[in-house]
Amino acid sequence: MDKTTLLFVGSFTNKEPGAGIHVFAFNNETGESALKFVLDSITNTSFLKLSPNGKYLYSVVESQMQYHGMVAAFSVDSINGKLKFINNQDCGGRNPVHLEIDTKGEILVNSNYTDPSLSVFKISTDGSLNECVQILRFKDSSIIEGRQNKAHIHSSNFSPDNQYLFAHDLGADKIRGFDFVITDRGETFLQNEKQIKMKPGSGPRHFVFHPNCKFGYSISELSGKITAFSYDSGNLGFMEDYQSYSNEQEIYRAADIHISPDGNFLYASNRGPEEDSISIFAINQVSGKLHLIDHEPTYGKHPRNFTIDPSGKYLLVANQDSNNIVIFKRNIKTGKLSKLEQEIQLMSPSSLQMHTYTKN
């Protein structure tokens, strides 16, 4: 059986129609990439999400505009590395910033930052999006003037058991938990909100569950800290905070967070102005506690998003402001990163997704 790994790159297009999504074939032996497809004449496709089976790609469209954005659905031609537009839907607010799909690939949840809300969509069997079935809007604030004057939903995550959703409110310093309910009639709802309060001025941004389903980790943009939680049956329990940057900063802009497929290492991206880096932590499999291993520069500016390839051998970083994607070889045993010579050059890369396809 032949296998092909595809890399999907979403980008900001300076608020004008442009080359929003690029598709590359990624070589798992060399780390090299070959451009296969460019989706042009589309605006600010700044966050992408693949369906669990890799057959469909979803993108926010027209983020950071002064009107409602959209969520678009595409089918993936894995043999030729191309995308085909299926449909799009109004996302119910301004500035969609994140998409999450449940483990069954049936429900998509969009996070709106400027109009703080979650919008819920049912995915049809052909990958298309139905009209929004629920919008939850939020009002709240916290202590940092200008950044936390109101709620800002930056992302959401389904729990590993697919029974709960956790939304990360940067503006209110809260993680908002919901029961994920599917009725006998097939209707889907988020309900029974409960709030996990973060430390004032944290600004929770992104989150990742550990593969063993016992722990979760939040990256807070405004404090530059990673928070470790225990997880059990919809409950997150605070464990410990860890500084993600190598040195104290006047302004923190921590961004993304991921765990290696084997569950042994956690990585987080730190954006300047003084430090653009990836922090590397070892994870204690029993306690869930973190131990700092290293900080690796991203060889570019503003590492908004990064990803670990499905094999776990590579880590790719999208440096938005320096227009480059840097490729690192990942040491499976130590977790450390080694930069490869090859880079991908394209304008304002902001979101990376990868999937390995098997050809029978």
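## A tour of pockets, cores and rings

Counted by class, the residues that line the largest pocket are 19 nonpolar, 16 polar and 4 charged. Please keep in mind throughout that the structure on your screen is a predicted model.

**The largest pocket.** Begin by selecting Lys49, Glu100, Val208, His258 and Gln353, which lie nearest the centre of the largest pocket among the 39 residues that line this space. The volume of the largest pocket is about 1300 Å³. Next, colour the strands around the largest pocket: E4 (48-50), E8, E12 (153-158), E16, E20, E24 and E28 (349-359) each supply at least two residues of its lining. Which strand gives the most to this lining? Select E28, which contributes 6 residues to the largest pocket.

**The second largest pocket.** Move on to Gln64, Tyr113, Arg147, His154 and Arg253, which are the closest to the centre of the second largest pocket out of the 14 residues that line it. This pocket holds about 260 Å³ of space, and its lining is made up of 2 nonpolar, 6 polar and 6 charged residues.

**The enclosed cavity.** The structure holds 1 cavity of 30 Å³ or more, and to find it you can select Ser46, Phe47, Val97, Arg205 and Arg304, which are the closest to the centre of the largest cavity among its 13 lining residues. The volume there is about 90 Å³. Three strands each supply at least two residues of the lining of this largest cavity, namely E8 (96-101), E16 (204-209) and E24 (303-308), and E8, E16 and E24 also appear among the strands that line the largest pocket. By class, the cavity lining has 4 nonpolar, 7 polar and 2 charged residues.

**The nonpolar cores.** Now display the side chains of Tyr217, Ile226, Ile257, Leu266 and Leu290, which have the most contacts inside the largest nonpolar core, a set of 17 residues. Strands E17 (215-220), E18 (225-232), E20 (253-259), E21 (265-271) and E22 (277-283) each supply at least two residues of this core. Another core, of 16 residues, lies apart from the largest one, and you can locate it by selecting Phe8, Leu39, Leu48 and Ala72, which are among its members.

**The aromatic rings.** A search of the whole structure finds 12 aromatic pairs. Select Phe166 and Tyr231, whose rings form an edge-to-face pair, with 6.1 Å from centre to centre and 85° between the planes. Phe166 sits in strand E13 (residues 164-169) and Tyr231 in strand E18, so that the pair links distant parts of the chain, 65 residues apart. Are these two residues buried or exposed? Both Phe166 and Tyr231 are buried, and for Tyr231 the relative accessible area is 8%.

Keep Tyr231 selected and add Phe209: the ring centres of Phe209 and Tyr231 are 5.1 Å apart and the planes lie at 70°, so this pair too is edge-to-face. Because Phe209 lies in strand E16 and Tyr231 in strand E18, the pair ties together parts that are 22 residues apart in sequence. Phe209 counts as buried because its relative accessibility is 12%, which falls under the 20% limit for a buried residue. To see the wider group, show Phe166, Phe207, Phe209, Phe229 and Tyr231 together, which ring pairs link into a cluster.

**A last stop.** Finally, select Tyr299 and Lys339, where Lys339 lies over the face of the Tyr299 ring, at 5.5 Å from the ring centre.

Notes:
Residues numbered from 1 in each chain as written. Predicted model: local features only at pLDDT ≥ 70, side-chain atom pairs only at ≥ 80, totals over all residues. Heavy atoms only, no water. 1 Å grid on protein atoms, 1.4 Å probe; cavity = no way out; pocket = protein on both sides within 12 Å on 5 of 7 lines; lining within 4 Å. Points joined across faces, edges and corners; volume = space filled by probe spheres on them. Helix = DSSP H or I, 4+ residues; strand = E, 2+ residues; numbered from the N terminus. Nonpolar A, V, L, I, M, F, W, Y, C, P; charged D, E, K, R; others polar. Core = buried A, V, L, I, M, F, W, Y, C linked by side-chain atoms within 4.5 Å. Buried < 20%, exposed > 50% of the residue type's maximum accessible area, 1.4 Å probe, protein only. Phe/Tyr/Trp six-rings, centres within 6.5 Å; stacked < 30°, edge-to-face > 60°. Lys NZ or Arg CZ within 6 Å of the ring centre and 35° of its normal.
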